[in-house]
Amino acid sequence: MAEQLPPEILARGDLLKLGAAAGLGFAALPLIQPSAPSQRAARTPIPLALAALPGVLDVYINEGYLKMVDDTLVYHRGFGSRPTDVDDPDPSLTMDPTVITATGDVVPSRTYPLDAAVPPRGTPEPLRADEANPGQYFIRRNYWASYFPQRTIIAELGSEIRLRIQNRLSKPHTLTVFGAGPDGGDLTTGAIAPDSVATLDFPCPPPGTYIFADPTNAPVERVLGLFGVLVVMDPEHQWDIAEDRATFERQWLWITHAVESRWASMEASGQTVNPATTRAVPRYFTLNGRSGFESLGITFDDAVNLATEEETLISGYPRQLDVRQFGEGAEAGTLRGGQLVRLVNPGIVFHQMHFHGNHVWTVRRNGVDWPRHEGYVDSDGHVVLQQWEDVVELETMDRKDIIIPIKRPPDAIDPVWFARTTDWVYPMHCHAEPSQTAAGGMYPGGLVAHWTLKGPNPGATP
Amino acid sequence: MSIFSRKRTDRRSIRGIERAQERDERRRRDEERRREAERRREASERRREDRRRREAAERRREEERRREAADRRREEERRREEERRRRRRPSAKPSATTKPSATTKPSATTKPSATTKPSATTKPSATTKPSASPTPSATSSSASASATATATASETATASATPSESGTPSTTAEPSTTAEPSATAEPTEQPGPVVGPEPTLSHRFQSQVDFSSDQLEVEDPVTEFLQAAAISVEFDVHSRDLVMDDGAEFEMWSFEDERYERGFPGPTLRVQEGRVFHATVHPSKGPHTIHWHGMEPDPRNDGVGHTSFEVDGQYTYQMQPEAGRPGDPNYGAAGTYFYHCHVNTPLHVQMGMFGPLVIDPVVHPDYPVSPGARRAFVDGPEYDIETEALFAPYCVDPRWHEMNHADGLSGDDAGLNRFEPRHFYLLGGELARRPAGRERVWSLSSLRANVAGGTRKPTLLRTVNANYLPNMVTITDATGAEAKIAELISHDGRPFRDTSVPGAPSPSCQDSGYPLMTSRLAYGAAERYDMLLHPPTPGRYYLRVDWEDWITGAVIATRTIPIDAT
Ligand SMILES: [Cu+2]
Ligand SMILES: [Cu+2]
């Protein structure tokens, strides 16, 4: 039943050195790789890095090979933070998280707000135990920073976003920010010719989550990796989705993607994929760029595990919650609310994000706040109303904001809950189950994560 | 609703002999598969060895891995010992027959990484484990939650369902009244969580293959703080070639009990809020679990291998669906769910290892229930028990039904990223009359609905998406025009409510004056919706279900069934 790869993308000895050069350990990495791309060799010289300009975020359209969860190298294109070439062992194919402040500063930072305390291993510590509710805690309000994954731009409301994009590839590319225009329209650089530079300046759109990507030959260039996410925050409301919208303890940005290695190898060899005739059959499924055991933070690479915990693996202490209002808790400085997860799908697969342990409360889709009353079913057959869900639909190019309550799992019996001493870990996975695989098997090797209900806190008085 | 505790000894029948034969056949097949897996394992082991020789640089990490593996083995051994210790405690319980799978290791459990870990090839627990594993069965340990408010609730809500299933020997299913209410159970008298859930996630793995092929299996994990249960069920795992409603025949794997032997989907379960529920799974053909999708117990009872354990012998899942409170959007489990295996999930769920689960609400004095009716949630609308129905879109990729338990887990490309269904089904029917018997596929051919405004309560239609693709449901009238007669009332086991006023009650959408009326419902894998049907006039309507490609959204199949409104 093994999927037969066409002969032109079988591993080739002359490219094996790439694996070694990349420090990936194996001399015989499975390598999905085309025969030598002819037109590629003719392109010289490679343009140099741009001279930095204050207040401008530089983006490089690069190509290179990324290691999948099974150690296979797959060709990618991406918006990088520095110029790299196709044979670079450490290609820059994703942008480092960057904050653009209202005052116009461009600050490389994995966390926001910039001056807030960073949660240890990503976990916001509670204020203290909640005596009235055994096993639960008071949550700090407006206190903890949040970590963001690669590919994120965080812009503060009031800023001017100034991007400078260098296309280092042999075909024209485009950077389009979807829905960020003054009327909700798209903003785009237009085609950027090979070896040239374009700029895209625009006023920061309203608070929310936006996808930017290369719409060329859609969805092919996006599938190859040319995408990222713009998160807009109101600097006056750094722990709210927007003014008067849901407030949260910390936030998480989850970017889903599906890797089509056959498309990648065709493009790497200089062909142009026709998505209508070469049907997409994704082979890897990622969350914040990782799959399977890497996305669960259980590898032998401590740095990867830590980054995964900080960026992806939701965690927090159990608390009281009322979904009718996410706001000030029973006492000043505490929060009656959960954590915000921004689900973003620049990929091509229709995902079904399923949380174990807690239902999640969905508040917003594609920048539109769902109402709490006078709900309705739209013409597509979707309910438009804030609601509980244990499976959140995430269509291609969709963005949904959900609040995960981080509360006592409601169906656990009392004696088990009261005897709890350890963390309780619950899976999150896509329920469109083929997305749970890597290279055709290795369950659970695909789009998985988990969230942790932290155990009794030694620092808190009972 | 009657759910049976299984008494394995009291029926010496043809079925019993068949079972024995099946068991032997199963053993033979398992042995064959084991050998096949052994061959595969050796082949892949050779490949891995080759690679390893070239990995001098990896040596250091390799050693670390071995150390951790040793720790893990010790931990697992300690864990097993712990489990054995715990299991010995409630030893007064009647013993169950030993499972065939407990002695012959099915192929799937032979892991490719096993030989790199000396002790992993022998399961110490297999030889030392007590021969009689206690099966908490309804007759010995189950009890109703005594004569409290819950009992009142059950009389109104649960008992009214029973007549429709009359003719079945339901006496054994009725919980006895010996034990105390669960809430008062003394933790100190029960096996406590001396160690927490064995966290596979606290260990590290060298590769995805190692992780996929090295999930923690426990022979007979122990249920912590076992309570008296209001309802107990026992599920076996079966594998059978079943004929679907289009005449196609596929090897299906599913759960079975004595009422729905070797059928598909698994037995229908109904449980009431507030009452402790037990389900004991007896896997065969390799380890399995049951995940109670949408129910939210502690991780041991959540049925996921890598956050707790996979079950080889048997395990009793325990949970207590949270009781609803009128007007409170923060409480209540009543609604539609399903249960499914969570081992090699893409394959096992596609093979049929799932079944419907309905949680009925507690009955609140302010929300009494009319004869012949039930409420969908504690303060939800009443519906007509007689015509209540469930449907589940499902589809089959025939290629997948040729696969084995652990395909893909050893790193082989099993093509499980390619789901290309060729057969499309609507499972389900009226809940009051799901046909019992052997080898039955529960297929939906038509629905009934009560015309709005009559004396009968409206019909409730529950849907579980047992599909991996998005679906669109469209309701039309006899002319094909869309008919906005469905009122969506719940999703994923939670009611739609108006939550706009903090601190004030949150009425259902119907009570707030904005019922969610629709002719269309878009949903996808594992989602559930509950809808009331309000056909304005008698006559024929249609329920159409489209299956859509998970990438392009193109409609790839359609099935339509009539709804007769009277
Ligand atoms: Cu699950
Ligand atoms: Cu599920």
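**Strands, copper sites and the chain interface**

Me: How many bridges join strand S23 (residues 360-365) of chain A to strand S27 (residues 387-389) of chain A?
Reply: S23(A) and S27(A) run antiparallel, in what is a predicted model. One residue of S23(A), A:Trp361, stands opposite A:Trp388 in S27(A). The number of bridges that join S23(A) to S27(A) is three.

Me: Which residue in strand S29 (residues 399-404) of chain A is the bridge partner of A:Arg365?
Reply: S23(A) also pairs with S29(A), in the antiparallel sense and over four bridges. Within S29(A), the bridge partner of A:Arg365 is A:Lys400.

Me: Which residue takes a positive phi in the hairpin of S23(A) and S24(A)?
Reply: S23(A) and strand S24 (residues 368-369) of chain A run antiparallel and are joined by two bridges. Here A:Arg364 stands opposite A:Asp369 in S24(A). Two residues lie between the strands of this hairpin, and the one with a positive phi, near 50°, is A:Asn366.

Me: How many of the residues of S23(A) are buried?
Reply: The strand spans residues 360-365 of chain A and is mostly covered. Of its six residues, the number that are buried is six.

Me: Is A:Ser269 buried or exposed?
Reply: A:Ser269 is found in the loop between helix H4 (261-268) and strand S17 (284-287) of chain A. Its side chain reaches the backbone oxygen of A:Met266 at 2.8 Å. Buried means under 20% relative accessible area. Because the relative accessible area of A:Ser269 is 18%, A:Ser269 is buried.

Me: Which residues are the protein donors of the copper ion (ligand 1)?
Reply: The donors lie 2.0 to 2.2 Å from the ion, and each contributes its NE2 atom. The site crosses between chains, from A:His429 in strand S30 (residues 424-430) of chain A to B:His342 in the loop between strand S9 (335-340) and helix H8 (345-350) of chain B. Both A:His429 and B:His342 are buried. The protein donors are A:His356, A:His429 and B:His342.

Me: At what distance do the protein donors coordinate the copper ion (ligand 2)?
Reply: The donors of this ion are A:His431 (NE2), B:His293 (ND1) and B:His340 (NE2). Here too the pair crosses between chains, from A:His431 in the loop between S30 and strand S31 (448-453) of chain A to B:His293 in strand S6 (residues 291-293) of chain B. A:His431 counts as buried because its relative accessibility is 2%, and B:His293 likewise because its value is 0%. The coordination distance is 2.0 Å.

Me: How far apart are the copper ion (ligand 1) and the copper ion (ligand 2)?
Reply: Each ion has donors from chain A and chain B, including A:His356 and B:His342 for ligand 1, and A:His431 and B:His340 for ligand 2. The distance between the copper ions is 3.8 Å.

Me: About how much area do chain A and chain B bury between them?
Reply: In this interface, 85 residues of chain A are in contact with 103 residues of chain B. Carbon and sulfur atoms carry 60% of the buried area, and the total is about 8100 Å².

Me: How many salt bridges does the rule find across the interface of chain A and chain B?
Reply: One of them is the meeting of the side chains of A:Arg283 and B:Asp413, at 3.0 Å from N to O. Across the interface there are also 51 residue pairs in polar contact. The number of salt bridges is five.

Key:
Residues numbered from 1 in each chain as written. Chains lettered and ligands numbered in written order. Predicted model: local features only at pLDDT ≥ 70, side-chain atom pairs only at ≥ 80, totals over all residues. Heavy atoms only, no water. Donors = N, O, S within 2.8 Å, 3.2 Å for Na, K, Ca; no water. Buried < 20%, exposed > 50% of the residue type's maximum accessible area, 1.4 Å probe, protein only. Polar contact = N/O pair within 3.5 Å; in protein donor to acceptor, adjacent residues only side chain to side chain. Pairing = 2+ DSSP bridges. Contact = heavy atoms within 4.5 Å. Buried area = accessible area lost by both parts, 1.4 Å probe. Salt bridge = Lys/Arg side-chain N within 4 Å of Asp/Glu carboxyl O.
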